[in-house]
Amino acid sequence: MTSKPPNLSRAYSLSSPEDSKRLYADWAESYDKDFVGEQGYILHLQVAQHFVASGGQGPVLDVGAGTGVCGAALRELGISEIEATDISADMLKVAAAKDVYRSLFTADLLQGLPVADNSYGGIVSSGTFTAGHVGPQAIDELARVAKPGGLIALSINAKHFGSAGFAAKFETLNGSIYDLSLTNVRIYEATTKGEHKDDQAFAAQFRKA
Ligand SMILES: C[S@@+](CC[C@H](N)C(=O)[O-])C[C@H]1O[C@@H](n2cnc3c(N)ncnc32)[C@H](O)[C@@H]1O
């Protein structure tokens, strides 16, 4: 019953996990071509590069992995042992075909991941901590499944960072995480056109205490 095509405006105005499943079911097949390719999306590259440059190691869980572009970037940078999770089975089906993940599972991050505490040496997430998707409360779940000392690298849309209260969340995590850094990065290539062309995100990194 959806009349609008899948696109960024629709993504930013999602209001529930069920909305996400509907949007990304529509978008899965064309996402790599019309969003990553034509829109010049580079946030997955930024997250993967930050993770590797800071000495991130596997096994890695890619949270909100979508079609697997961040996992593919990690693989290119020499990381193996990567797993993927996402609320959208349709997006993960596209990710599975890339053959970069050793396993993939659907889960709603807001309800909790079906994963034991202290499971992963690294966590990455690109494009999922953004308007209409997940907010600061989901960081607890990333920290829960990371091993002590594990590196967590995620992007947080800069407008969402302010409006959703990420700064206050990081304050409350003081003591349970360390080495927090926040770096401003572009979401799209400098040559991208359109109203979102200069949108920014924070590449957030920290380790679990
Ligand atoms: C903009 S896409 C980013 C995908 C990929 N990481 C990338 O950089 O291209 C956002 C992803 O977050 C997922 N997502 C949204 N809400 C979620 C939730 N509550 N739990 C898990 N994944 C969620 C969507 O299904 C979608 O695949």
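This is a short dialogue about reading a ligand site and its pocket in a predicted model.

Student: What should I know about the model before I begin?

Tutor: The model is predicted, so local features need pLDDT of at least 70 and side-chain atom pairs count only at pLDDT 80 or more, while totals for chains, interfaces and linings use all residues. Residues are numbered from 1 along each chain as its sequence is written, and side-chain values use heavy atoms, with hydrogens and water left out.

Student: How many residues surround the ligand, and which are the closest?

Tutor: A residue is near a molecule if one of its heavy atoms lies within 4 Å of it. Here 21 residues surround the ligand, and Y31, Y41, G64, D86 and S126 are the closest. By class, this shell holds 11 nonpolar, 8 polar and 2 charged residues, where Ala, Val, Leu, Ile, Met, Phe, Trp, Tyr, Cys and Pro count as nonpolar, Asp, Glu, Lys and Arg as charged, and the others, Gly among them, as polar.

Student: Which polar atoms lie close to oxygen or nitrogen atoms of the ligand?

Tutor: A polar contact is a pair of N or O atoms within 3.5 Å. A polar side-chain atom of Y31 lies 2.6 Å from a ligand oxygen, and one of T128 lies 3.2 Å from an oxygen of the ligand, whereas L109 uses a polar backbone atom, 2.9 Å from a ligand nitrogen.

Student: Where does the ligand sit?

Tutor: Rolling a probe the size of a water molecule over the atoms shows where empty space is left. A pocket is found on a 1 Å grid over the protein atoms alone, as an open set of points where a 1.4 Å probe fits, with protein on both sides within 12 Å along at least five of seven lines. The ligand sits in the largest pocket, meaning that more than half of its atoms lie within 2 Å of the pocket's grid points.

Student: How many residues line the largest pocket, and what is its volume?

Tutor: Lining residues have an atom within 4 Å of a grid point, and 44 of them line the largest pocket, with Y24, G64, G127, T128 and H133 nearest its centre. The volume of this pocket, which is the space filled by probe spheres set on points joined across faces, edges and corners, is about 570 Å³. Its lining has 25 nonpolar, 16 polar and 3 charged residues.

Definitions and conventions. A polar contact is a pair of N or O atoms within 3.5 Å; within protein, one must be able to donate a hydrogen and the other to accept it, and residues adjacent in sequence count only if both atoms are side-chain atoms.
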